[in-house]
Amino acid sequence: MILARHADSLLWAGRYLERADTIARCVSVETNAVMHRQATEARLASRRLVQALGLQDEFVAAQVGTGPYAVMDFLVSDDSHPGSVVSAVQAVRENLRIVRDRIPVELWEEANSLHILMQSAKSVGTAAREQTGGEVSRMSVITARRGCRSLSGVMTESMSRDEGYAFMETGRLLERSILTVELLKSGLGTGSDVFDGNRLLAFTHSLQAARRELGHSPAWHAVAKFLLQHEHLPRSVLWCLGRVEERLDDLAAAAGAVATARRRAGALRAHLEYGELDHLLAAPEAELGYLGSALAELASDVHASTVASSGLAEVHTHFVRPGAGIGGSP
Amino acid sequence: MAELRKPDAEFPAYDEAFDRDGSVRPVYAAIVKRFSNFDTAELRRREGIIEEEFRRQGITFTVYGDSQGTERTWPMDLFPRLIAAAEWRDIERGLAQRVTALNRFLADIYTGEGAAMADGVVPEWLVRSSAGFERNAFGVSVPHDAHCVIAGIDLVRDAEGQYRVLEDNLRNPSGISYVIENRAAMTKAFPLVWEDHTVEPVSQYGRMLRTALESVAPTGSGDKPLIVILTPGIYNSAYFEHAFLAREMGVELVEGPDLVVDEHVVYLRTIEGLVPVDVIYRRIDDSFLDPVSFRPDSTLGVPGLLGAMRAGTVTVCNSVGNGVADDKAVHPYVTDLIRYYLGEEPILPNVETYVMWEPDQRDAAFERLDELVVKPVGESGGYGIVIGRDATDEELANARAEIERDPRNWVVQEVVELSTLASLSDDVLEPRHIDLRPFVITGERTQVFPGGLTRVAMRKGSLIVNSSQGGGSKDTWVLADGAASGTGQSNGPAAQGPPR
């Protein structure tokens, strides 16, 4: 048995965990790639990451400084918007705090420790961080990545496979799929703002796996097929959807309301598994647009299933849930 | 080595560790010897371990209106408080006796004949005028008359070493989680101090409370009643404790909107739909419990909850209206209530308290107000208290005027020179004032949890121990029989540390 509200918190804890992990990874990849270039070029490079993550509006609103590391700082340590690593980690921690009585103690403690570390970097202040040449934010990225790995590990190894786990895992898989589709979009087109295939693979933690299958300089098309359709890669959208179906099956006995989400997940999985992707990707914008909105609807169905059975309308009116931002929200 | 300061010879308070001529009391011999071997840096290092442990685990409490943000790490002093087995047995008997009588009193008021009032033990008007008196509670009965399942009784020790009851907390006493976490932290920071002592464990609280809550479930709940803890949410000062208790008991932690009442039955909103609830351990105040019967603006409570209680489909713990029995103006009558209901002499005396509507008591109190303590009956957490000897003439005059305006609203107590115990302050271990809040659990029977929360005033000479006002806490050890060797020698391989 699980409270509808707790199910919802775990769903969002999973989503934010994946989001924190992915943003931190992207920043780290991008920073390493441009580290030896000149500062202005580094700044330009991080600007396109802001775009790829769908944070342009937040970027403008935050009035980010002109220093070479200000953009990275915006993505890592700026908690004025929900798309930063520090904000996502805070959201993981707040959601797990709501359910801290039912999750393994270690899971809560890891989230709390990571939050404390990220906050201490944040409290250094923008100007001071800038003076360190981005050092503080770079260290924060390392901390965040290690912390996220540790959280995933505790989650996988010590959480009982109950309804709570099913919701948290579903949250992670959906967020991962949504972000993969978003990032793929940033490889479309031509010009200096477009990421090449290798960069996209690195963003999605798939570079090593892809090198064996696709060689060293894969084209966007091959990368897209790899990231959408791979059967055995835990980063591919097809793989994620297969797991989402399993988790929703786990929940079906308890919550009849997951049926809608279950149908949509199955349909989307079948689309990727049996669809003629070469043909579909002939019009890549349209296909990615379709996948993006279908995933957002699926996420919204899962969220709705936590509340439908109990008639719980919106219990979170008193609780500010950060992050209506990137890649779909309830 | 860190200096372990003895209390000044002329200091009036009772010191727990040292007697009047400065020798170590036997029960503290081993621990004093241990601590004398640590230098200040070592103590600070271990203090760091404890603080880091609390911070990492998010063991915090909230100070309202604090600009530092809402959560503050729980403060714990390193030097433990020890209570000898025989001494504890008396306290235990005294507490069980007191809480039993208080539960009888509550049942008498709300579901009985009002016998104590009819027989003149407590004035009827005093009961009726109490802010904690609740008309809505009439006719709401609780199995075993356990109106107060969880009580926290604040004890202080006077200059002669006599334990006295300062206050009863029969509504929502908090602090038990810190008792258990203090022990865990102490075990991590001082793994070897246990060699010299056998200490009563504290890890059984979850089981003890769950058993009590199960025993008050309405008849017809089945053998596994559904129990929930009702919290106001993550911004409440005691949220950590609410989550802790849910985890320790293995029950759901719910907020008001998670519950719904239909046809006088309380249901839990789960992903499977609505599931009926048998017992609610609520950690929100009476007035927020049910917007239908109490404050209509409450969003924390559950509409219709009181109707369900009245229908007997759910038990709410602690029950509604308990505030009448821990009203500070009713406190002076509790010893008579013990005699009245139980026909026994009270084992634990009260702190001497004067009521202000009796002209004799008031006049006597006014004459020596600068030696006494003035307390508003409706406040808690140490707020609104005037300590006569520290007050200016103007403050005392104000207090007199306030009392004359509304005598029902004030009590005046003798100053108790709270006992002291060595606590780490700057670079020395120095005596600081302490009190003790033991917890008493009532289900089928009344049981006292070993030890309790020792609170310590970290400022020298201060008598205010409340954590909201800068107080700290101490791990509190109830020693098992024959455990204090008094020699500092190990008890050998049979000696046991706490189980967690």
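**Exercise 1. What does the secondary structure of chain A come to, in helices and strands?**

Solution. The model is predicted.
Step 1. Count the elements: chain A has 16 helices and zero strands.
Step 2. Check the compactness. The radius of gyration of chain A is 19 Å, and the globule rule gives 20 Å for 330 residues, so chain A is as compact as a globular protein of that length.
Step 3. Add the dimensions. The C-alpha trace of chain A spans about 60 × 50 × 35 Å along its principal axes.

**Exercise 2. Repeat the analysis for chain B.**

Solution.
Step 1. Chain B comes to 13 helices and 23 strands.
Step 2. A compact globule of 500 residues would have a radius of gyration near 23 Å. Chain B has 23 Å, which agrees.
Step 3. The box filled by the C-alpha atoms of chain B, taken along the principal axes, is roughly 70 × 60 × 50 Å.

**Exercise 3. Divide chain A into domains and describe how they meet.**

Solution.
Step 1. Set the bounds. The domain assignment gives domain 1 (1-159) and domain 2 (173-314) of chain A.
Step 2. Place the centres. Over C-alpha atoms, those of domain 1 and domain 2 of chain A are 22 Å apart.
Step 3. Count the contacts. In chain A, 16 residues of domain 1 are in contact with 19 residues of domain 2.
Step 4. Find the helices on the domain 1 side. In chain A, α1 and α2 (39-52) each supply at least two residues of the side that touches domain 2. The largest share comes from α1(A), with twelve residues.
Step 5. Sort that side of domain 1 of chain A by class. There are six nonpolar, three polar and seven charged residues.

**Exercise 4. Describe the packing of α1(A) with α5(A).**

Solution.
Step 1. Take the geometry. The axes of α1(A) and α5(A) come within 8 Å and cross at roughly 155 degrees.
Step 2. Classify the angle. Angles over 145 degrees count as roughly antiparallel. The crossing therefore makes α1(A) roughly antiparallel to α5(A).
Step 3. Assign the hand. α1(A) passes α5(A) in a left-handed crossing.
Step 4. Locate the residues. From α1(A), the contact includes W12(A), Y16(A), L17(A) and I23(A). Among their counterparts in α5(A) are V85(A), V89(A), V92(A) and L96(A).
Step 5. Sort by class. The contact of α1(A) with α5(A) has 14 nonpolar, three polar and one charged residues.

**Exercise 5. Characterise the side of chain A that touches chain B.**

Solution.
Step 1. Count both sides. Chain A places 24 residues in contact with 21 residues of chain B.
Step 2. Name the contributors. In chain A, α1 (4-34), α5 (85-98) and α6 (105-122) each supply at least two residues of this side. α6(A) gives the most, with five residues.
Step 3. Sort by class. The side of chain A that touches chain B has twelve nonpolar, six polar and six charged residues.

**Exercise 6. At what angle do α6(A) and α2(B) pack?**

Solution.
Step 1. The angle between α6(A) and α2(B) is about 105 degrees, with the axes 7 Å apart.
Step 2. That makes α6(A) roughly perpendicular to α2(B).
Step 3. α6(A) contributes E109(A), N112(A), S113(A) and I116(A), while α2(B) contributes R55(B), R56(B) and Q57(B).
Step 4. By class, the contact of α6(A) with α2(B) has one nonpolar, three polar and three charged residues.

**Exercise 7. Follow α2(B) to its contact with α6(B).**

Solution.
Step 1. Helix α2 (residues 40-57) and helix α6 (residues 176-189) of chain B have axes that come within 9 Å and cross at roughly 135 degrees.
Step 2. That makes α2(B) oblique to α6(B).
Step 3. The crossing of α2(B) and α6(B) is right-handed.
Step 4. R46(B), I49(B), I50(B), E53(B) and F54(B) of α2(B) meet A185(B), K188(B) and A189(B) of α6(B).
Step 5. By class, the contact of α2(B) with α6(B) has five nonpolar, no polar and three charged residues.

**Exercise 8. Divide chain B into domains and describe how they meet.**

Solution.
Step 1. Chain B is divided into domain 1 (7-343 + 417-478) and domain 2 (353-414).
Step 2. The centres of domain 1 and domain 2 of chain B, taken over C-alpha atoms, are separated by 26 Å.
Step 3. Their contact takes twelve residues from domain 1 of chain B and ten residues from domain 2 of chain B.
Step 4. The side of domain 1 of chain B that touches domain 2 of chain B has five nonpolar, five polar and two charged residues.

Terms used. Residues numbered from 1 in each chain as written. Chains lettered and ligands numbered in written order. Predicted model: local features only at pLDDT ≥ 70, side-chain atom pairs only at ≥ 80, totals over all residues. Contact = placed C-beta atoms within 7 Å. Helix = DSSP H or I, 4+ residues; strand = E, 2+ residues; numbered from the N terminus. Nonpolar A, V, L, I, M, F, W, Y, C, P; charged D, E, K, R; others polar. Domains from an automatic or database assignment. Axes fitted to C-alpha atoms, helices over the stretch in contact; angles between N-to-C directions. Parallel < 35°, antiparallel > 145°, perpendicular 65-115°, else oblique. Left-handed = near helix turned anticlockwise from the far one by under 90°. Rg over C-alpha atoms; globule rule 2.2 N^0.38 Å.
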